[in-house]
Every structure is written in C-alpha cells, then in structure tokens.
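Subject: Structure handover

Hi,

Here is the structure I promised to pass on. Have a look at it first, and my notes follow underneath.

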Amino acid sequence: MTEQRRLSRRTVVKGAAAVASATLMSRVLQAEAAAAPRGESRPGTRIDRFALVSRHRVVRHHSDLELPIQVGNGRFAFGADVTGLQTFVPFNTLSDWCWHVDALPPGKQISDYRGTIWDTYGRDVYYWTDDDNEPELHNWLRENPHRANLGRLGLRLLKEDGGEAVEADLTDVVQELDPWTGVLRSSFRLEGHRVTVETACHPGEDVVAARISSALVRLGRLTAFLEFPYATAAGRNKFEAPYVGFYDRPELHATSLRRRGRTVIVTHTMDATRYQVGLNLSAGAQLRRTDPARHRYEITGSGDHLDVAALFAPEVSGAVPAAAEVVRQSEHWWPRHWRTGGAVDLSGSSDPRWRELERRIVLSQYHLAVNDAGNDPAQESGLVNNGWYGKFHMEMYWWHAFQYALWNRWPLLDRSTDVYERFLPNARRLAKSQGFRGARWPKMTTTHGDAIGRESPGTPTCLLIWQQPHPIFLAELDYQAHPGRRTLLKWREVVHESAEFIASFANREESGRFVIGPPIMCCNERNPSAETLNPAFELSYWRFGLRIAQAWRERLGTGREPYWDEVLDGLAPLPVEDGVYVLYEGVPNMWTERNTNHPDPIAPFGMLPGDGVDVETMRATTRKVYETWPVTDLYSWDSPLLAMNAARLGDPATAVDYLLHERLGFTGTGLPASGKSGVPSPYFPSAGGLLYAVAMMCAGWGDSPGGPSGVSGRPGPDGTAPGFPDQGWVVRWEDLAPAL
C-alpha cells in the first residue's frame, strides 16, 4: 500500500496536555487512568474494542410502536418489539431480494409512458418527469417494484383466563441488544412466569432464529406463529411507514406447506412473487395452519423450551441451521467485524458530550451493517420499512455506503459496488435517448427483474444530476486503498462512461464557456428546473469528476481525453454574489427564499475537496449559511455535511457541534431520525454521513493540517485529528483512512 493511503493508528491528546512536558503528560495520563470507568481504554495502547462496543449496549423496557430493534446481516433484517419477536407490533422482515409488482393499469404498457419535453440546450428532450396523458401509469412506475415484507414471526401468549396477553400485561421487562455479538436478549414475566427470548440473525444466510424458554411452553400458554401478508403499494404514499403489507387480504395470495425430513417448508406466492421459508424447529415442536382463511401458522413446543429458525429464500434447497447454530454464528461474526476496520475511542475526553458522540458512532456502525450492507445500495430507511416503496436512491449511495471506505470495511462495501456495472447498459441507453454520450445514472430505482436501473418518474427524480460523479469518487476511494492495475481495470469502463456523460452534459456557449443546465434539479431539490443554470455544488463536482477521470486515464497509460480537458478548462466558475457562493447563477432572493433544504453552497468544501473553490469566499458563504439558513428546514444528513465543511475550514468545535446537533437526532436504540416532517425514520444517510465525517475528522483529508497538500489526507507525524477541537477531547483512532 502506498504511503499516501497507509491506514494508520494514532493516539491524539488535544488541549493543554498535548503540549505538556513528558513529566506532566505522565501525570495527566495517570490521573485519567485513575478516573476512567473500568474497561475504558487509555491513550498509548491499542483500543480495547470490546470495552468500546460493550459500553453502548442498548437496553429498553417497552416497545417503540414506530421503530423496531433489529438483527440482520446487511442483506436481510428482522425488526422486533420488546419480546424479541413481532408479537405485539407488526414490524417487518425485509430483504434486498424480495420484491412485488402490481398489475399494470388495464390496457397499458410501460412503453406508453413518454414523460414531458424540456428545452435542453435548444433541443426538445423527453424526461420522465410527468405525463399528463398517463397519470395511472405515472403512479404505477413510481410504486413498482416495491419491497415485500417476508413475514411476521411472533409469540402468542395466553393469560390464565385464556385471553391473549397484550404488552401491558407483561412485567419485569428488560431487553438488551449486544452489538458485540449481534444477539438480542429479551426477558419478561406474564402472571409470574418468566419468559426469555434470544434472537439472532445468521451472518451468511437469511435466517432469523429465536430460542425461547419458559414454563408457559409446557403449559400450552406460549406458542410461536409465522404469518404472511400480501404486499402491495397500490395507492400508498411513498413515505408510508412503519408497517409493510396487508394481513387482511388472504384471498389475494397463497401459502402451502410441505415437509422434507425435519425441515418444514412454507411456500408463499403473491402474483409473480414467490419465495419459501424453511423452518428448523426444536425436537417435539409441531407446526399447523390455524385457519384455512388466514396465512398464519402456529408452532407449539414441548417441555420448557422452543427453538425456531426460519430461513427465507427464493428457494430453500439445503439444510436450515438450528437456532443454536444461528446464535453461535452471530457470536462469531460480529466480534470479528468489530476487531477489523476502523475504531474511534473518545472515553478519555473531558467534554461531557463524548459518550453520546461515541454512542452514535458505535451504534451507527451496527445499524448500517444490519441495514446497509447488501448486494444493492440501501434505501433511506434501510430494511426497517418501505419509505420510497423500498427503492434506493443512487445520489444517496454516497451517504449510505462510502463511509465503509474510510472505516476500512471494504468487504461490506464491495457487496454492492458492482451496481454500476449492472446498470451500465440501461444508463447508456438513457443518456443516448436524451442526446448525451456516456452513461446517465438513475436516481430512484431498483435492481429487480426488468426494472433494473429503470428510473422512477418525477421532476426531482429525473432531472437530478449530482449522482453522476459518484462512481468516479468511489473508484478513487478504491484506488487510494488498493492502488494497482487491478483496481484501475475494475473501474475503467464505469469511470470512462461517467466522465463521458459529465463532459457531454456541459454545454458550450458562443463565448466558449461551458455551462450546466437548464433543465436541472439541484441537490437541495428546491430550484426551478427550467431556469437553473450553473449550480455551485454540481459545478464543483463536475470539475472533480473530470479531474479524477483524467488522472485515471493517465494511470492506465491511455493519455488525457482532449475534450474532457476543454470542458474542465472552460467550465463556468462557481457562482458568486456579494462575496458568497449561491445556489445557482442568477438566483433571486437567495438568502430569503432559496435558503431551504440542503445547504448546497457549502457542499463543494465539505463533502467535496473544493474543486473551483476560493477558501475565503467559502468561509464567508459558511457564515452566511449559519446566519440565515433555517435549522428547522434541514435534513438530518445536512449536519454531517456542515460538520465536514467546518472541519475543512479549520473550525473543529463547530464540526463537533453539528455531529451532536438537535436536527441529527438518534433514538435510544441508536437509529437516526430523518429530521423532516413526513419523511420516515430511520434515515440512514445521516448515520453514514456521521461515520464519514468522524473518519475524516480523525484521519484528515487532502490538505488537512499534518498532511501535505495534494497528498490524499495522510495524517502528519504528530498524529493529529484535525477535525476535533483543541480543548476537551482525547481522540484515539485506529485503521481509518483519510477523506479525499
């Protein structure tokens, strides 16, 4: 690995102690060690990762009706209530492979949808923004495909009088999620009888397991059930959450049961969607369908124990592991996960906020590994619910997953990076249909069947462009971590096709200047698309993309592409009014009407390294954002964006403040809130953004203090963490990579 990108271990002591004499430093460390809670690691040693993760176990005593607690493997996740299963709250069991498609509107074909014409550099171009002649087809294309809830696994608890228990009947309720092992342990009493439930997910297979212990099993008052809903999005709002599917429409779908040795297999069919659930039950357990009119199966045990392991798959072909084996596999995989990749320990800090920030860091890593490490990019609310119909957004792939590169968790990231290769044929066709070269990456889409890479219609959806340089950014992260020809060849075609579109989308004016738009939708999605010219953030990202793409060609020995250089040299400057960057060129009432949603003008020097940016102008812009941008109008991922901007501008105190900002809310279970009214939580781009910002604030960036300008963020020999304040923080980090 090159010196530029060496993953490093640093102990950072900031504040007065950082400049103390050796004797004073020794005294400081001794005092900190004496005052530290037992098990917390100290500067000068490797981070005690078990202590780091374990001090952020999640403990609760009642269910949250909106958000579950989860176990999962990144491709498959199971949401539980306080019983450890889906007993009282119908949370979801979701995967990245199971989708459902409603029937097309009668007499309609997808080819009937044309969209609307937009004047694009003097050409009439169809975009799938709206089609007044096809409103039904417009809605169908938005809603389909939609992710399907695989089923509900819960407990049926009977009181002594025979009535079904509700959560209010439980006493002594304690539930603990141990992120070190990924195992969820739940304990409660029903009329004096203790019940314990151990819930886990297999790291390599889509199996959820429950180990249940209680005398109520023997008494016939505790059974388990597996129930299947019908999945549809017809007429549903894209932000409808938290529950997925309908349990009151049994006539619309079918289930069947067969046995294969000790394995019981239930097949669920919904229109063209078909999958199976293989069950491994403890000895003596029985399964039966409770009612022919319902798709509900009851599992009864013998003795005081009942084990259930449920494997969800398109086809169950092999053996289903026993529940004990699923727990064992979870207890093996998760510690290995925590012992590899990056770690940040803040326990030596005197700032009282250190524990909350560290909690957010640790639990964000857990929840992202459960929800955002699948074969496809994750949607904003992961595998918790079906906001946006379960579809993912390619512009948000950066905010979900690129943090894995800085935390040296490439095995998780590499599960989905081939999405660009999979989308390439359709992305080329889309660009060509609009008169451009290269590949135009969609925004809101899926990888399901014939819909792979197909755009969902809508004005923001089809006119957004800031996702176009993302694969070039990701390729560069990969190359900095894994320099060599193999990486160059892996990304060569995707980088070239992305740059070709970027260059061809820029239009040369008679003056020779290259401009972007109209039509265009800015990152903050609050601009008039038909009038928007040269948005600041996108101009900077265009420069970045072409600069890196040319470097890619030089590394490959193919030489620079002359036209890309023409565009790069001729691109319009980032728009400035009254000494500050603005959303786009000629924007009216910038700081009274257009200061909404994402603060795009600061993004070129935060998320991005600042191509085309004058630092003093950016400093003035940032002050203007602080003074005028309504905090209540921010999404939660805007807080990490503002933190990265503050760090690059040398204001680490503000950077930390934004990572703990009220708009960046995290629940007691560590799930990130959306920060927006009507937008479903959790909102995982903010968790991914938090982790990217923290890694950057620790390991640095291209021209950060301690790293020579032009070198990709290598921390200096003093081991500084340039994004953290000088007072109150002791920051210890391992195996993080610097940002671009």
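**What I found**

Helices α13 and α14 pass each other in a left-handed crossing. Before I go on, bear in mind that this is a predicted model.

Back to that pair: α13 covers residues 485–505 and α14 covers residues 536–556, and their axes come within 9 Å with a crossing angle of roughly 140°. That angle makes α13 oblique to α14. On the α13 side the contact includes Leu488, Leu489, Trp491, Val495 and Ile502, plus Arg485 and Arg492, among others. From α14, the residues taking part are Trp542, Leu546, Ala549, Trp552, Arg553, Arg555 and Leu556. Sorted by class, the contact has 13 nonpolar, 2 polar and 4 charged residues.

There's another helix pair to look at, α6 (residues 354–371) with α19 (residues 684–699). Their axes come within 9 Å and cross at roughly 125°, which makes α6 oblique to α19. The crossing of α6 and α19 is left-handed. Who meets whom? In α6, the residues are Leu357, Arg360, Ile361, Ser364, Gln365, His367, Leu368 and Asn371. Facing them in α19 are Phe684, Ala687, Gly688, Leu690, Leu691 and Val694. The class count for this contact is 8 nonpolar, 5 polar and 1 charged.

**Sheets**

One open sheet has 3 strands in the order β3-β4-β5, paired antiparallel. Its edges are β3 (69–72) and β5 (93–95), each with a single partner strand, so one side of each has no neighbour in the sheet. From one strand to the next the twist averages 20°. Strands β3 and β4 (residues 76–80) run antiparallel and are joined by 4 bridges, and Val71 has Phe78 in β4 as its bridge partner. Helix α6 turns up again here: α6 packs on this sheet, touching β3 and β4, and its direction makes about 55° with that of β3.

Another open sheet has 4 strands, ordered β10-β15-β20-β19, again with antiparallel pairing. At its edges are β10 (152–157) and β19 (286–289), each pairing on one side only. The twist averages 25° from one strand to the next. Going along that order:

- β10 pairs with β15 (residues 222–227) in the antiparallel sense over 6 bridges; Leu155 has Ala224 in β15 as its bridge partner.
- β19 pairs with β20 (residues 296–300), also antiparallel, over 4 bridges; Arg289 has Tyr297 in β20 as its bridge partner.
- A hairpin of 6 residues joins β19 to β20.

As a reminder of the background, strands of a sheet pair through backbone hydrogen bonds, either parallel or antiparallel.

**Salt bridges and a loop contact**

How many salt bridges does a search of the whole structure find? The total is 45. One to pull up is Glu331 with Arg185, whose side chains meet at 3.3 Å, N to O. Glu331 is in helix α5 (residues 323–339) and Arg185 is in strand β12 (residues 183–190), so this pair ties together parts that are 146 residues apart in sequence.

Arg415 is worth a click too. Arg415 is in the loop between α9 (410–413) and α10 (419–433). Leaving out residues up to four places away in sequence, Arg415 touches Asn73, Gly74, Arg75, Ala373, Gly374 and Asn375. Arg415 and Pro377 are 38 residues apart in sequence, and their C-alpha atoms are 9.2 Å apart in space.

**Backbone points to check**

Some general context first: most residues other than glycine have a negative phi, and most peptide bonds are trans. Here are the places to look at with that in mind:

- Pro518 and Pro519 are joined by a cis peptide bond, with omega about 0°. Pro519 is in the loop between β26 (514–515) and α14.
- Asn534 is not a glycine, yet has a positive phi of about 55°. Asn534 is also in the loop between β26 and α14.
- The peptide bond from Ser681 to Pro682 is cis, with omega near 0°. Pro682 is in the loop between α18 (652–659) and α19.

Over to you!

Notes
Residues are numbered from 1 along each chain as its sequence is written. This is a predicted model: local features need pLDDT of at least 70, side-chain atom pairs count only at pLDDT 80 or more; totals for chains, interfaces and linings use all residues. Side-chain values use heavy atoms; hydrogens and water are left out. Axes are lines fitted to C-alpha atoms, for helices over the stretch in contact, and angles run from 0 to 180 degrees between N-to-C directions. Helices (H or I, at least four residues) and strands (E, at least two) are DSSP runs, numbered from the N terminus. Angles under 35 degrees count as roughly parallel, over 145 as roughly antiparallel, 65 to 115 as roughly perpendicular and the rest as oblique. A crossing is left-handed if the near helix is turned anticlockwise from the far one by less than a right angle, and right-handed if clockwise. Contact means heavy atoms within 4.5 Å. Ala, Val, Leu, Ile, Met, Phe, Trp, Tyr, Cys and Pro count as nonpolar, Asp, Glu, Lys and Arg as charged, and the others, Gly among them, as polar. Two strands pair if DSSP finds at least two bridges between them. A salt bridge is a side-chain nitrogen of Lys or Arg within 4 Å of a carboxyl oxygen of Asp or Glu.
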